[in-house]
Amino acid sequence: MKLRILPKILLLASILITSMSTVSHAQEKWTFEQCVQYALEHNLTLKQSVLDKRMAELTLKQSRLSQIPTLNASIGGTFNNGRNINPNTNVAESVSFFSTSPNLGASIELFNWFRVRNTIAANRYEAEATYKLLEKAKNDIAFNIANAFLQIILANETIKVNQSQVKQTQAQLDNTKKLVAAGSVSEANQADIEAQLARDSSSLVTSKNNYIIAVLQMKAILNFDFETPFDVQLPADIKNVPLLSLDQVAPEMVFSSALANQPQTEVDKLRIKSAQKTLKAARATLLPSLFLSANLNTAYNNQTTHRVFTGTSSKLPIGLVDINNQTYQTYTITEDSYQDKTSIGTQFDNNFGQNIGASIRIPILNGWQARGQVENAKLQLENRKLTYDINTQQLRQDVYTAYANAEAALDKYKSALRIEESSAKAYDFATKRFDVGLLSSIEYITAQTNLFQAQTDRLYALYDYIFKVKLLEFYRDQKITL
């Protein structure tokens, strides 16, 4: 009875442990570093880059193994029926027999004008390029997570602003109701405030939805279960996020650093080297190659026989012969024997043969395939050089554009701070005048709307500036921190 209960107890304990782990995981707040680490282990795009790296390594391994000799074995069987050459008499006659010819052959290319070595070098450069692409993918993942992280923080801060807006509007509505009851203001003022409260509530719903979308974006990058609760650890004060001044990220300095450190630049350089080696390997196919081969073979036939002696002999007369007028009887002595099938082992041993040889393969006419490969390799090399120049030019443009955007974002943030400050003063004056009936509800709502819009604009400007500077840092150092 106890043995029957034990599995149920273990199952229940497993469920409880899993549930506790899920709750604990759900309640955990994720820091930026934790998000990056999780993405490096689970992101789908990154897994594809890992597969590309493994395939490049496999190609390199295969090209290296092509240097060793080839060894192939073959064996086949043939059944002959009708008029054939009798393997015993070597005479054409009607006979049925089964035969087989095992073979073991080896060959090696002794000299090919370094075609294989250049192919190996090309594949090695391609493998190194995939390593750099994997590094680039990791950097891009960190940058995308930083962007998603900032979007979540921005959405969360926007929710706080909208909640404050709803709270203040609700308080103003409660105060207006009292004034209406006292006959100090008309019911139209109350209706205007109620309409504003509805609009503020709608804005709060929108900001909450934006937060959900930002979290979903983060989950997609992390390859995280969409059904599992997820929350990030928000910085205590986003203004304390370390930022470099624009003087420290001057565009030409950032471009020079990016050109030296960016994985994509290294990828382009490695692929140019790979194309150069591929061109040399293609040219080698136009030249003669020297081969060495060796072969072992034997044969078996089920009709092959051999004579077996019994150990006895027979004396048979063959005629008379006269010697000195004396007649003598002559005899022949033969050993008794019979024909027996030759075993497969004996035939394999009797028919065993070996050969070794060398040959030169001279390409003369092959449908222009070899020269076509050479021309294609030349074009590929030119294309990769152009790719490097295009990517370098694009990198310079991106860096200078990012710097211009960062300057504009900083000016916009400073302007947003001034607008928020003046809007706060205007709203404070409007509130005081509205409370004493010296300001219409429309004018009060306008002042309130201007303040909250200024607060929202200031938030967007702040995070936009943070992102723009972080982008320059990313170009410069190929890493990002929050």
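I count Ala, Val, Leu, Ile, Met, Phe, Trp, Tyr, Cys and Pro as nonpolar, Asp, Glu, Lys and Arg as charged, and the others, Gly among them, as polar.

The model is predicted: local features need pLDDT of at least 70 and side-chain atom pairs count only at pLDDT 80 or more, while totals for chains, interfaces and linings use all residues. Residues are numbered from 1 along each chain as its sequence is written, and side-chain values use heavy atoms, with hydrogens and water left out.

**Entry 1: the largest pocket.** I looked up pockets (on a 1 Å grid over the protein atoms alone, open sets of points where a 1.4 Å probe fits, with protein on both sides within 12 Å along at least five of seven lines; lining residues have an atom within 4 Å of a point). The largest has a volume (the space filled by probe spheres set on the points, which are joined across faces, edges and corners) of about 380 Å³. It is lined by 19 residues, and Ser66, Gln67, Glu109, Asn112 and Val116 are the closest to its centre. By class I noted 9 nonpolar, 7 polar and 3 charged residues in this lining.

I then asked which element gives the most to this lining. It is the strand β7, with 5 residues; β7 (103-111) and the helix α4 (115-182) each supply at least two. Helices (H or I, at least four residues) and strands (E, at least two) are DSSP runs, numbered from the N terminus.

**Entry 2: the second largest pocket.** I recorded about 260 Å³ of space here. Of its 16 lining residues, Lys136, Gln262, Gln264, Leu395 and Tyr475 are the closest to the centre. α4, α7 (263-284), α9 (369-435) and α10 (441-477) each supply at least two residues, and α9 gives the most, with 5. The lining holds 5 nonpolar, 7 polar and 4 charged residues.
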